[in-house]
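Here are my notes on the model you sent, set out as numbered points. Please read them with the structure open beside you.

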2 protein chains.
Amino acid sequence: MSRRADQSATHARMQDVAKRASVSAMTVSRALRAPDQVSEKTRRRIARAVRDVGYVPNELAGGLRAFNRTKLVAAIVPSVRNSLFAATSHGMSDALRARGINLMLGDSHYSPDEEEDLVTAFLAQRPCGIVLHDVVRSPHARKLLLKSGIPVVEVGDLTRSPLDMVVSYSNYAAGKAMTRHLVERGYRRIGFASLATAITARSAARLKGYKAALREAALTIDPARIIEVEGGFASGGAALVKLVEAGADAVFFAGDVLAVGAALECQRRGWRVPGRVAIASFDDHEIAAQVSPALTALKIPRYEIGRRAAELILERHSGVKHRKPVVIDVGFEIIARDST
Amino acid sequence: MSRRADQSATHARMQDVAKRASVSAMTVSRALRAPDQVSEKTRRRIARAVRDVGYVPNELAGGLRAFNRTKLVAAIVPSVRNSLFAATSHGMSDALRARGINLMLGDSHYSPDEEEDLVTAFLAQRPCGIVLHDVVRSPHARKLLLKSGIPVVEVGDLTRSPLDMVVSYSNYAAGKAMTRHLVERGYRRIGFASLATAITARSAARLKGYKAALREAALTIDPARIIEVEGGFASGGAALVKLVEAGADAVFFAGDVLAVGAALECQRRGWRVPGRVAIASFDDHEIAAQVSPALTALKIPRYEIGRRAAELILERHSGVKHRKPVVIDVGFEIIARDST
DNA sequence: TTCCGGCATGTTATCGATAACATGAAATGT
DNA sequence: ACATTTCATGTTATCGATAACATGCCGGAA
């Protein structure tokens, strides 16, 4: 009896397929990866043997020998619960599946420590690419990523000096553009609500854009009209109330689903939007167009970002030498609706 | 010069660390995985060498030799965009990270073909566990999963005969319970809207529950008051209008975010809820409590499901022999709010 | 006929880590 | 003091596939 007595709970090996098809393992390997190098007849025999034994290639072994890589792209998001990242992941996944590459997904919970752990854990799996949905703060993690030689794409914000490549819109420009939009509509006491700027660099960039637009319009920047809150619908409602009490005639919600929460709060209170207060949203969630009034929002091409990021990784793999650093600005768009 | 001339774009190997610390590779291996087998002094020397060269273990090689598995759990969801699956993934991820295990995520787009491809692709990576968010329809995929000997957890619906293990609530029982709730509140012409029952077995089970409850209450089942729609807010609104026109005095939305969309539609039209029509939601999204009126909904412990699924996989790995089949019912709860 | 070249297939070495076994020194027991 | 265990470490073989090289066969050019 062979060393493989415990047949039941084990995968068939290429060797098993080979024996069944009366060829060598190498021929099986070729039949699967380079069918044109194998004669029609043996190829058919092998295909049958593969099905008969239920053979599933071992990418662990194959990847190790062939390029010391798996056919997986690692993605690290600050929070899997956030549907924005889901859209980007979706774009990546679509672009990668065509090439037989799958996704490894990790959640850093907005923590630099967890981010560093994840980077290490993922690098250990030898992915063929890495996508980071936020700026990498840990210096050690940056060092490891650089050293790895693996294509890295950052998609959180449009930095000028990416680790390797970046695909994004500019949070600064977007924050500025939307604020300018509010100024143009005649609002003068514009409030700003976002997630904690200390933990997400994106929020900080948006805030800078907001301030720049106000300065440009010679409006005063009132700290009482700038607040940071947790994510979530309820939180948006609370923020709105606070800002209106601070005298805001419009509020720019630069985070998560805050704006929708604010709009719902207004409905409950019977506040007219605009009129009592205008509302602008950073992200164009499907629901932003459904509440009444429909919300003015920034449309960020999230899916597109994922797709382009994946394509960059694939290009790098097929030997394209990018002129570094690679910085791709996908832009954004303001969808003016009834809330401003 | 060694075969490793191209230092820049390559990972350091255990051998490199070993040389630097003047020990054998095996000692490095032990220092990392079983530190108590290595003396304090050499352990420190190795730790320093690891940092100096920026060594990241190669799980490809390690996994191959040690157990022919990676430290990854594969999860297949029908759609990554759906935040319900995000909650479950989150629960899994939290439970797994503590053991250094990460997540591989695939999106089947509700297609059995893609599901089969994904199962194959994931099995090829030799994950240490698999979680399926839907019933596996492809017989070939089922065969492969069984043969693999890898712990498999299904979390889509509470089937009596899982492939291996199942952690879920009963879609049938939930559909029945919510319908009964509506009956008890006095509604007699209860409509039902869900995603296509042909493509998601879950929807079909919910529909059966709905019908059973009506039969139990001796109410007629009117096909004109049962419709299938696409997911999304807008879609829910359209469904509501259609069902009200068909004479419904209450609608049970058994899918995605349909109920919220319906509530928003009522706001736009100025329809009183309840009064003109009552609305019940299958899932207790955060937003269901935020719209006015707040929606009656089923609370499904999504996070909990993910956590328990992960724990089952971990148990299996630490040698626990479950008495198969393993069926865990996590139950559900009806949160009665103002919409019914 | 002879020789060369392409085609289908086989053989061997290897990817990087680790299980299994081996070794030598220090510690312990009697 | 000697046998025996314990502990820290080293050596060798191996996981399963594939790169690199080798072989043998057949057909056409010379």
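1. In this predicted model, B:Asp284 lies in the loop of chain B that runs between strand E9 (278-281) and strand E10 (296-299). Is B:Asp284 buried or exposed? Because 21 C-beta neighbours lie inside 10 Å, B:Asp284 counts as buried. Leaving aside residues up to four places away in sequence, B:Asp284 touches B:Ala297, B:Leu298, B:Lys299 and B:Ile335. B:Lys208, which is 76 residues apart from B:Asp284 along the chain, has its C-alpha atom 21 Å from that of B:Asp284.

2. Strand E6 (residues 190-194) of chain B is mostly covered, with 5 of its 5 residues buried. In a regular strand the side chains alternate between the two faces of the sheet. For E6(B), both faces are covered, since B:Ile190, B:Phe192 and B:Ser194 on one side are buried, as are B:Gly191 and B:Ala193 on the other. Two pairings of E6(B) deserve a look: E6(B) runs parallel to strand E8 (residues 250-253) of chain B, with 4 bridges between them, and it also pairs in the parallel sense with strand E7 (residues 226-228) of chain B, over 3 bridges. B:Phe192 takes part in both pairings, standing opposite B:Phe252 in E8(B) and having B:Ile226 as its bridge partner in E7(B).

3. Strand E5 (residues 165-168) of chain B is likewise covered on both faces, with B:Met165 and B:Val167 buried on one side and B:Val166 and B:Ser168 buried on the other. Strand E4 (residues 152-154) of chain B pairs with E5(B) in the parallel sense over 2 bridges, and within that pairing B:Val153 stands opposite B:Met165. E5(B) is also joined by 4 bridges to strand E11 (residues 326-329) of chain B, and these two strands run parallel; here B:Ser168 has B:Asp329 as its bridge partner.

4. Turning to the nonpolar interior, the largest nonpolar core holds 202 residues, and of these A:Val73 and B:Val73 touch the most other members. When residues up to four places away in sequence are not counted, the contacts of B:Val73 include B:Met92, B:Leu96, B:Ile101, B:Leu103 and B:Met104. Further contacts of B:Val73 are B:Pro127, B:Cys128, B:Gly129, B:Val131, B:Ala310 and B:Ile313.

5. How are the two protein chains related? Chain A is superposed on chain B by a rotation of 180° with 0.0 Å of shift along the axis, at an RMSD of 0.1 Å, which means that the relation is that of a two-fold axis. The same surface serves both copies, as 100% of the contact residues of chain A recur in chain B. Of the residues of chain A, A:Met104 comes closest to the rotation axis, its C-alpha being at 2.1 Å. A:Met104 also has B:Met104, in E2(B), as its bridge partner, and the strands concerned, E2(A) and strand E2 (residues 102-107) of chain B, pair in the antiparallel sense over 3 bridges.

6. Between the chains, 55 residues of chain A are in contact with 55 residues of chain B. Among the elements of chain A that each supply at least two residues to this side are helix H5 (83-97), strand E2 (102-107), helix H6 (112-124) and helix H7 (139-148). By class, the side of chain A that touches chain B has 23 nonpolar, 24 polar and 8 charged residues.

7. DNA strand D is surrounded by 27 residues, the closest being A:Met14, A:Ser29, A:Ala61, A:Gly62 and B:Arg65. Both protein chains contribute, as helix H1 (14-21), helix H2 (25-33) and helix H4 (59-66) of chain A and helix H2 (25-33) and helix H4 (59-66) of chain B each supply at least two residues of the surface near this strand. The largest share, 5 residues, comes from H4(A), and the surface near DNA strand D divides into 11 nonpolar, 10 polar and 6 charged residues.

8. DNA strand C is surrounded by 26 residues, of which the closest are A:Arg65, B:Met14, B:Ser29, B:Ala61 and B:Gly62. Two or more residues of the surface near DNA strand C come from each of H2 and H4 of chain A and helix H1 (14-21), H2 and H4 of chain B. H4(B) gives the most to this surface, with 5 residues, and the surface near DNA strand C divides into 11 nonpolar, 10 polar and 5 charged residues.

Definitions and conventions: Residues are numbered from 1 along each chain as its sequence is written. Chains are lettered from A and ligands numbered from 1 in the order in which they are written. This is a predicted model: local features need pLDDT of at least 70, side-chain atom pairs count only at pLDDT 80 or more; totals for chains, interfaces and linings use all residues. A residue is near a molecule or strand if its C-beta atom, placed from the backbone, lies within 6 Å of it. Ala, Val, Leu, Ile, Met, Phe, Trp, Tyr, Cys and Pro count as nonpolar, Asp, Glu, Lys and Arg as charged, and the others, Gly among them, as polar. Copies are superposed by least squares on the C-alpha atoms of residues with pLDDT of at least 70 in both. Two residues are in contact if their C-beta atoms, placed from the backbone, lie within 7 Å. Two strands pair if DSSP finds at least two bridges between them. A residue is buried if 20 or more other C-beta atoms lie within 10 Å of its own, exposed if 12 or fewer, and partly exposed in between; C-beta atoms are placed from the backbone. A nonpolar core is a set of buried Ala, Val, Leu, Ile, Met, Phe, Trp, Tyr and Cys residues joined through C-beta atoms within 7 Å.
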